[in-house]
Amino acid sequence: MAEARTIRFRLNGEAVSAHVGAHENLVEVLAGQFGLGGARESCGQGLCGCCTVLVDGRAVSGCLYLAAFADGAEVTTVEHAAPGEGLDAVQEAFVEAGAFQCGFCTPGFVLMTRQLLAEHPDPDEDEIRHYLSGNLCRCAAYPEIIEAVKLAAKKRRMQPRTKEER
Amino acid sequence: MKRASTPTETPQVGRAIPRLESWQKVTGRAEYVHNLRLPGMLYGKIFRSTVPHGRIKRIDVTAAQAVGGVYRVVTADDIRSIVPEPYYGPAFHDQPILAIDKVRYVGEPVAVVLASDPHVAEEAAHLIVAEYEALPAVYDEIEAMTSKAIVHDELKPAGTFPDLKHMKGRKNTNVALDYHLRRGDAAQALAGADRVFEHTFRTQQVMHTPLEPLVSVAESREESLTIHTASQSPSFVRIELARLLGWPENRIRVRAPFLGGGFGAKLYIKLEALVAVLSLLTRRPVKVSLTMEEQFFTITKHATTFRIRSGVGRDGRITARECEVWWNGGAYADIGPRVTQKSGFTAPGPYDIEHVAIDSYALYTNLPPAGALRGFGIPQLVWAYESHTDMIARELKMDPLAFRRKNLLRDGRPQATGTLMQDAALGKVLDRIETLMDWERPFERGAGPVRRGRGIAIGFKACVAPTTSVAMVTLNADGSCIVYCGTVDMGQGSDTAMAQIAGEVLRLPAESVTVVHSDTDTTPYDMATLGSRSLFHMGNAVRLAAEDARTKLRALATEAGLPPDGDTPIGDVFRKRYGMQAGNVIGTASFIPSYTPPDYATGLTPNATPFWMVGGSGAEVEVDTETGHVRIARLVNVADVGTPINPKIVATQISGASIMQLGFTMFEKMEFDAGQLRNASLAEYKIPGLHDLPREMVTEAVDAEQRTGPFGAKGVGESGTFGVSPAIANAIEDAVGVRLTALPLKAEAVYRALRAAQNEPLGDD
């Protein structure tokens with residue numbers, strides 16, 4: 001095993017540091033050292049989207065993203081901002097549309113949907129299918145996910161912008 | 001958000017409320033064993049067989065043991081120091097915890113490396129060397145009937161099922177179960193039939209692919225074991241571990257939080273016996289978490305061959321049907337023999353046929369084991385009989401829908417086993433498909449290279465019997481309610497449904513009810529979460545337990561000198577009776593429907609199932625004749641689910657099941673080369689994504705009632721799978737005139753068939 005090093009980064013808005021092996025991916029470090037279980041390694045190949053996390057605002061596959069590269073970055077997971085605050089428009093829409101069954105893939109879909117809506121505030125169905133095609137849901141709640149994204153877009157248009165754009 | 005337990009007059013059954021655990025799931029906080037880490041935990045990494053069938057000559061673990069950080073390497077000898085006879089399985093005790101003497105498929109677990117760092121365990125596992133003496137292997141289910149390659153030297157039925165007892169000690173066979181049904185005289189009726197049709201259909205081996213891969217954690221203490229496991233059957237795990245260890249059940253605790261998908265993969269024993277023994281050997285918590293790749297070597301869906309012959313009269317009535325089904329069970333029986341029988345008896349389809357013969361065989365082969373996958377064998381059967389039915393209608397120049405309607409089993413008529421059809425809305429489902437497909441309207445068939453077609457299919461299923469569910473419903477002194485039931489919520493929404501049922505009885509908002517997850521120290525026995533049985537069985541148990549709690553509450557009110565009319569607020573009853581906020585009432589109930597096992601010789605029984613499930617599909621497809629590419633323009637799925645407890649969750653179950661089946665229909669296939677799996681990863685084994693979603697989907701539950709179900713409901717998890725595959729194949733023939741008889745319906749297969757139809761067949765590669 002290659003030698004470990006200390007990295008410093010911001011995790012969900014908080015300055016943190018971690019001792020990571022060169023081979024360790026971001027999901028392992030988030031789960032092992034910070035107790036964050038929302039990003040989950042499933043296919044291990046960056047194909048299913050269950051391990052999605054945001055690094056400097058961009059969605060990455062945490063199972064392929066070496067933790068060492070997060071040094072100095074801003075890392076955001078699905079756990080960000082939930083306690084105390086309510087759900088955001090995307091999360092509310094996923095609940096209302098029933099856009100999940102087992103829930104294992106849901107954090108990845110939530111994060112990708114936030115990024116989609118940040119880029120395309122009013123996506124059509126083709127854009128939704130294209131943008132989220134890298135996220136898999138074996139329960140296949142896909143019709144409900146499309147509905148949830150449309151609903152979230154509507155909610156965001158109707159809400160005043162929050163202080164922190166996610 | 002928990003609501004206050006304020007009594008409500010609003011009916012709770014029929015409300016389309018969001019799942020109770022919604023907040024946990026959208027914030028990433030839902031509990032899965034996947035995320036569990038315990039202090040001092042060791043990770044186990046499995047070393048697997050590289051040959052399909054062989055005698056183990058030598059296992060050399062010295063290099064692995066020498067890797068820094070390796071705690072221990074374990075082989076079958078170590079397992080036997082704890083469990084002398086380490087063979088498990090629900091139907092046969094045929095599967096060793098780690099391979100003993102022989103390996104029977106590529107990927108079979110042979111040894112385990114334990115380390116505190118999973119990467120160390122993985123690296124060390126690569127350094128294990130095993131030598132095998134190759135044995136002849138068999139892969140095909142038909143060849144397995146007569147092959148000289150014998151997978152198991154001797155059959156070892158578990159003793160659980162009476163119809164397997166005669167298999168005990170049998171040698172020189174790969175047949176793990178043969179089920180036969182004889183109703184009337186099919187051979188004679190076929191000989192006298194006006195027209196006879198015979199076709200053979202095949203399905204491929206596929207995998208459940210839950211996104212939370214199989215995972216179990218064991219913690220041993222002095223004289224007890226706790227197993228945290230992503231399991232659909234915690235009660236079975238406890239009973240089977242108790243048997244293996246020779247312990248009483250109460251020393252073993254099995255708990256299952258949420259599952260990241262199951263679909264039948266997480267049933268019976270999978271990793272639980274392994275982690276239990278590893279923890280007993282090391283006295284440390286042990287976790288074994290499979291990779292996506294390893295799931296392909298653990299449990300799969302049966303490949304099948306189905307030969308079906310029908311005799312049809314001049315009037316378009318099917319008079320006789322012979323069904324021969326061969327189920328490729330892989331190297332270990334798992335629940336395959338149950339699939340062979342319990343689904344086997346529906347092989348003639350939902351038709352009223354006077355003369356029926358069924359022969360259904362479970363076969364051992366040298367492939368990864370096959371078990372239950374969302375439908376328990378039914379989708380394989382419907383694929384065959386509904387393709388066959390369509391082919392007959394075409395030959396007879398009858399409308400395929402009219403031909404089905406003419407032959408459909410009506411309520412009150414006997415199914416092949418002799419069991420009467422009851423509360424099975426076959427006619428309604430067919431009617432709704434007709435309407436939703438706009439069947440009477442002329443259909444636009446396209447022009448040029450892209451041709452359009454449409455097809456329908458309908459299937460049915462019997463619920464597995466006999467099985468038991470036990471539930472407890474408690475009322476606290478403030479009037480709040482807790483449901484204790486062993487049903488595992490793997491995404492089907494059972495927590496929410498059980499809360500709605502308890503809330504309905506006790507007049508409480510479902511959102512205020514707490515449902516305790518399966519934990520064998522706390523929740524009573526439940527056979528398993530499988531085969532769409534939970535809503536019916538556990539739903540009835542919860543309903544009865546809630547009624548018991550209500551009765552006891554009224555008795556408490558009487559004791560307290562209050563009117564027993566149920567109008568006094570619950571909290572007041574407790575305060576009056578106990579002088580403060582104290583006490584409980586505990587309602588309990590056990591539910592097991594009646595059942596009559598089939599006669600061994602004839603396969604007949606007057607009571608095969610507690611209820612029937614019905615599912616049908618209609619598909620509109622566009623076929624590109626230049627490439628063979630098939631696009632699903634519209635997919636209609638209709639099911640009889642009785643009266644939905646939660647219409648929103650029911651709709652998601654139906655459409656989700658149909659999309660999963662779409663994957664098995666259009667592209668999913670485990671590709672083998674001499675027993676070696678070539679595509680064990682999501683990079684090479686594609687499952688449906690958003691781009692595979694049909695352009696338009698219509699989902700409907702017909703207006704129906706299961707009179708014996710809780711508030712008229714019955715199971716829904718599988719019905720959406722039944723009709724999808726044959727509806728699409730039927731639509732393809734409708735579009736371009738070629739018939740595919742093997743799944744999946746890949747563009748290449750369509751294109752080959754098109755070329756063959758033009759007398760310009762393509763070469764083999």
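## A four-stranded sheet in chain B

In this predicted model, B:Ala462 has B:Trp612 as its bridge partner, and B:Trp612 lies in strand 25 of chain B. The pairing behind this is between strand 20 of chain B and strand 25 of chain B, residues 612-624, which run antiparallel and share 13 bridges. Helix 18 of chain B, residues 724-736, packs on the sheet and touches strand 20, strand 25 and strand 26 (630-640) of chain B. The direction of helix 18 makes about 155° with that of strand 20 of chain B.

The sheet is open and has 4 strands, in the order 20-25-26-29, with mixed pairing. Strand 20 (450-462) and strand 29 (696-701) of chain B each have a single partner strand, so they stand at the edges and one side of each is left without a neighbour in the sheet. On average, neighbouring strands of this sheet are turned by 10° against each other, direction ignored.

## A buried threonine in helix 17

B:Thr665 belongs to helix 17 of chain B, which covers residues 647-666. Is B:Thr665 buried or exposed? Its relative accessibility is 0%, and B:Thr665 therefore counts as buried.

Within chain B, the side chain of B:Thr665 comes to 2.6 Å from the backbone oxygen of B:Gln661. Neighbours within four places in sequence aside, the contacts of B:Thr665 are B:Val724, B:Ser725, B:Ile728, B:Leu743, B:Pro744 and B:Leu745.

## Strands 21 and 24 of chain B

Strand 21 of chain B, residues 469-476, runs antiparallel to strand 24 of chain B and is joined to it by 8 bridges. In this pairing B:Leu475 is opposite B:Val585 of strand 24.

In a regular strand, side chains alternate between the two faces of the sheet. Strand 24 of chain B, residues 584-591, shows such an alternation. B:Val585, B:Gly587, B:Ala589 and B:Phe591 point to one face and are buried. B:Asn584, B:Ile586, B:Thr588 and B:Ser590 point to the other face and are not buried.

## A covered helix

How many residues of helix 8 of chain B are buried? The count is 11 of 11, for a helix that spans residues 272-282. Among these buried residues are B:Glu272, B:Ser279 and B:Thr282, along with B:Leu274, B:Val275 and B:Leu278. Just after helix 8 of chain B comes B:Arg283, with a positive phi of about 55°.

## The interface of chain A and chain B

The size of an interface is often given as the accessible area lost when the parts come together. Between chain A and chain B the buried area is about 4100 Å², and carbon and sulfur atoms give 61% of it. On the side of chain A, the residues that lose the most area to chain B are A:Gln101, A:Arg129 and A:Arg138, together 22% of what that side buries. The contact involves 51 residues from chain A and 52 residues from chain B.

There are 2 salt bridges between chain A and chain B. In one salt bridge the side chains of A:Glu147 and B:Lys648 meet at 3.8 Å, N to O. Across this interface, 26 residue pairs are in polar contact. On the side of chain A that touches chain B, helix 1 (26-34), helix 2 (89-97), helix 3 (106-119), helix 4 (125-131) and helix 5 (142-158) of chain A each supply at least two residues. Helix 5 of chain A gives the most to that side, with 5 residues.

Methods
Residues are numbered from 1 along each chain as its sequence is written. Chains are lettered from A and ligands numbered from 1 in the order in which they are written. This is a predicted model: local features need pLDDT of at least 70, side-chain atom pairs count only at pLDDT 80 or more; totals for chains, interfaces and linings use all residues. Side-chain values use heavy atoms; hydrogens and water are left out. Two strands pair if DSSP finds at least two bridges between them. Axes are lines fitted to C-alpha atoms, for helices over the stretch in contact, and angles run from 0 to 180 degrees between N-to-C directions. Contact means heavy atoms within 4.5 Å. Buried means under 20% relative accessible area, exposed over 50%, partly exposed in between (1.4 Å probe, protein chains only). A polar contact is a pair of N or O atoms within 3.5 Å; within protein, one must be able to donate a hydrogen and the other to accept it, and residues adjacent in sequence count only if both atoms are side-chain atoms. Buried area is the accessible area (1.4 Å probe) that two parts lose on being put together, summed over both. A salt bridge is a side-chain nitrogen of Lys or Arg within 4 Å of a carboxyl oxygen of Asp or Glu.
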